[in-house]
Amino acid sequence: MYVEVSNVKKSYGEGGSYVEVLKGVSVGVERGEMCVIQGTSGSGKSTLLNCIGGLDDIDSGSCRIDGLEIAGLRKDKLSEYRRDTLGFIFQFYNLVPNLTVRENIEVCRYLTKDPLDMDELLETLGLKEHADKFPSQLSGGQQQRTAIARALIKNPKLLLCDEPTGALDSKTSRDILILLEKINEKYGTTMLIVTHNNSIKNMVHRVIFLKDGEIAKHYVNETRVPARELEDL
Amino acid sequence: MKNPLIKRIPKELVAEWHKYAVIVIFMVLMIGVVSGMYVGHDSLMATINAGPEELNLEDGCFELKKKASQELLDDLSKGDMADVRSYFIDKGTKEADEEVAKAIEENLNEEVTKAIEDAVREQCLAFGITDEQMIREQTDAALEEKLEDALEEARGSEDFQKAVEEAYSEAHEEVVKAVDEEWDETAKRYELDEEGFVPVPIKIYEHFYREEAEDNDNDGNRDATVRIFKSDSAIDKAAFIEGRAPETDSEIAIDRMHASNAGAGIGDSISIGGRKYEIVGLLSYVNYLTLHESNTDLMFDSFGFDVAMLTPSGFDRLSSRVHYEYSYKYPEKTDDKIELADRGNRLLKALITQTLVHDNEIEDFLPEYLRQASNFAPSDIDGDSTTTAVLCYVLIAVIAFIFAITINNTIEKEASVIGTLRASGYSRSELVVHYMTMPVIVTLFGALLGNVLGYTAFRNLMMSLYYESYSLPPCGFVWSRTALVKTTIIPLILMFFINLIVIVKKLQLSPLRFLRHDLATKKRSKAMRLPSWSFLSRFRLRILFQNIPNYIVLAFGVIFIELMMCFAFGLPDSLNNYGDKASEMMFAEYQYMLMSSRDSDNEVIETSEETAERFSAKTLLFPRNNDAKKMRAFGSGKDESVTVYGIADDSSYVSLASEGTYISSAFSEKYGLGAGDGISLHEEYENKSYDFTIAGVVDYDGAVAVFMDRKSFGERFDMDEDEFSGYFSQNEIKDIDEEYIATVITSDDMAKVTVQLMHSFGSVIDVFKYVLVVLAAALIYLLAKIIIERNEHSISMVKILGFLNGEIGSLYIRPTAVVVTLFAVAGFAAGYGLMLYLFKVIMLSMDGYFRFFMKPVSMVLSVVYLLIGYALVSVIDYFRIKKIPMDVALKNVE
């Protein structure tokens, strides 16, 4: 397994405000797979993603990525892990407002010695003509594509997407999903996508349902539907 | 119902306590210092202003060459001019009459004697007597018998009466002619021919003093010159800070400031004129608030000069010459400077004429309103308070702008909340009030605490600064309304309006714009293309562009701080430079000004000192605001005192390239004058002016002076060729009687300005430098905090992406570091330029010249100190960046 999560527990708060968000979650994802993590609000899906991304530490259990145990890693090692291995895409893009599209992408190109070709990426993502604009001058879809380009420029082995289409309309959502699909095929990037959207599960290789901090359902999708054919986005 | 938003205020205060703590400390310090300054000022001024009444301050004084007769004092008290012409005609006539009578009597006696002798000889020869011995005997007998009768007969003759009348008449005519010639010149010089002269009655007080050598440590060496007055003086009395007035001949009270500098106190003994005295009192004379030895001194000298009090009999025991100083008071008090000047001018005329007719001479005349020793301190205290207040307002304005930027930033961060509140029905003014609350609360708190400190600690600090420099009387406590207005009302108004304008402008936008986070007042155009530098450099450049308003405020703050740095480093440097160059600023090691070029026997005063060289000198006035180049001066309006020198040909001391008029480099620099410019100098007590065209500049920074050769000087000022004013000499001249020497100037005298000022400000200046570092750090801290807060989200995001803290620090700290460094250098240049300008303005209002100077190392340190302040902040910034959690980006829910 490329991503191996074993019996991960995570809680917040103390006393009366104590909440156990992950109650011993175990899950695995193969290299090159697209995996959707679904669940209701508060089910722990974003927490699981953050733990895998090294953004949050776990209380117990194990979290191995490509054989590297990230539980208990020092902060600088976690930073190294994120910069070498991961790409992040968020619902609200998190672009640096005072940098242009190109410069936002360069933020991550700086972190790798072997980046993808910037122009090709801009072309692929349809951002070429917006390269010198600031995020505030772009539409939501264009901003999300910039965020994707920023994540992809360093050709990450693992792409973590937290509600990537959560703030987008249906058409733009489809475009983004087609893009993710294309990237997965082209670069073999392993993707973990946290989403509320019920349709997205149809395009991925693996689906995990979380409920109240536990795996409610976990299966490999044998009948994948291409992103462009997804309904009810 | 109270606006529920008010609940945010305490929470905000707790959450952002560091920021508000810095702002409050900043404001408390500024307001406290200014408040302390004003309270101290008002307390001191109340004491100083009460002094003239309580201690019977004179309205002026004059010194006479010898003790005034009672008649002179009576006539002077009336304040009228004497009829000098009549007096001298009467006097001349009397003298002439005596001489004529004497001459007539001698002549008559001679003539009659001769006639008797001739008659006896003739008779003897007729009788055949030729023996001279017999003739002599006959003549003596005849003279004894007939001379008196013959004289009597001759006196009664008509011819004799006629001759006598003619002789008297001729003598009287000559007297009138001589007196008229002399009177015309004097009357013209002092404008004594004024018609309708209004007398200026005065009450005169004896205020004699002696000057003696003071030996503070009884080691036999002179440490200072002490001016001693009698303890029973009815005028210009002293306030005792400690101890009491002397009661026995061996007791003395000396100036408190001087005592402090000399390390002397009550119970110590000092030697005055070779005698030991016990110090029983430390005093402050009402007319010596600063120890100016001479009214023309650029600076007082509380080290080398002292004023003291002895009992009248103790005073009489001293052997040095008595200075016959008389103080006067007008019966009617006035504070009107014009009226005072008019009274002074009229009194001077009365004094000139009355001393002439009473056979005395004026040594000095000084109306009180021109007296440096009593006016320097209050005017300096006034000036300091005003300057400090202006500096305080600049800083408060900077703080207000920082506040405004912070609030602007908060509004941007809270845009969606504001949009929602506005959409829910909150009015714009309710939100304005909400966002205005914090700056108002902080300013009020700062002002309150600042005022409390101002009335306590800072007042004492400020007063101690003045007590370290001036000989001030003991001071009470005075409530200051000025302090309240200037340290509370004005800062509050500044803070209120600057913030109000910014907040109102920001909240003008529609609720929808807030909900969409669309707060840009103008649409963003296409991004500026950056040079093809490395990505990190371009990233930093973008951060820099993003924070331009912060950096503009920072620029003002840095210029202000650098200006203060220039002051803090430049003042001691300038003083030290002046002290170091004092000897270079002298033409010669010794400059002797003589009372006259001739002694009492009308012999030219000579010296055997080989290096001595005669010079002529005259003091004229240069109009400050109406010079040849029409330069506007900002001074008091009083004219600049200029010494005009007549220099010997082939002088060893001053080299003049060719004939013509030269000015000193100090004169040139002070008024921007150069070769070819014309200047007009005029007499102080005479309506006479002299025009000169400048031929060149002599490198002499010691004084505002004009030079020409002695021949030209004599021609110009109508002086005889053998007349001169003094000697330049490389060695001490020992063969000229001290009574003929008016003053001796050595390099030590030039350096006393340095010693005094370094003592007054030296230790404070060092503290001031560190305060500036803290101020700089506080300012940059507040602005850098805004920059990081503004980019908190991006910082959090790049952390998620894998950037290390060091890399993020280099991205977000380095732009500010570069800007601060650039601003520190540019701010120093601006501050230095500003300081040069301010120094020039200050110098224009004073006599003399003092060049602002900064050592290169001080220039570097001025920048380095600010950077040290920034270095402290950047360390804090680094930890602040380190503390920003990744949650900020993760929890972004727009």
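Among contacts in chain A between residues at least 6 apart in sequence, what share joins residues at least 24 apart? In this predicted model, the share is 70%. Keep that figure in mind as you look over chain A, whose secondary structure comes to six helices and 10 strands. The chain has 233 residues, and 48% of them are buried.

Now let's turn to the place where the two chains meet. Chain A brings 24 residues to this contact and chain B brings 22. On the chain B side, helix 16 (535-546), helix 21 (792-801) and helix 25 (887-890) each supply at least two residues. Helix 16 of chain B gives the largest share of that side, with seven residues. By character, the residues of chain B that touch chain A divide into 13 nonpolar, four polar and five charged.

Staying with chain B, have a look at helix 17 (residues 548-580) and helix 23 (residues 814-844). Their axes come within 7 Å and cross at roughly 55 degrees. An angle from 35 to 65 degrees counts as oblique, and therefore helix 17 and helix 23 of chain B are oblique to each other. The crossing of these two helices is right-handed.

If you would like to trace this contact residue by residue, helix 17 of chain B contributes, among others, B:Tyr551, B:Leu554, B:Glu562, B:Phe567 and B:Gly570. From helix 23 of chain B, the residues they meet include B:Val819, B:Phe823, B:Gly827, B:Tyr832 and B:Met835. Taken over both helices, the residues of this contact divide into 17 nonpolar, three polar and one charged.

How values were computed
Residues are numbered from 1 along each chain as its sequence is written. Chains are lettered from A and ligands numbered from 1 in the order in which they are written. This is a predicted model: local features need pLDDT of at least 70, side-chain atom pairs count only at pLDDT 80 or more; totals for chains, interfaces and linings use all residues. Two residues are in contact if their C-beta atoms, placed from the backbone, lie within 7 Å. Helices (H or I, at least four residues) and strands (E, at least two) are DSSP runs, numbered from the N terminus. Ala, Val, Leu, Ile, Met, Phe, Trp, Tyr, Cys and Pro count as nonpolar, Asp, Glu, Lys and Arg as charged, and the others, Gly among them, as polar. A residue is buried if 20 or more other C-beta atoms lie within 10 Å of its own, exposed if 12 or fewer, and partly exposed in between; C-beta atoms are placed from the backbone. Axes are lines fitted to C-alpha atoms, for helices over the stretch in contact, and angles run from 0 to 180 degrees between N-to-C directions. Angles under 35 degrees count as roughly parallel, over 145 as roughly antiparallel, 65 to 115 as roughly perpendicular and the rest as oblique. A crossing is left-handed if the near helix is turned anticlockwise from the far one by less than a right angle, and right-handed if clockwise.
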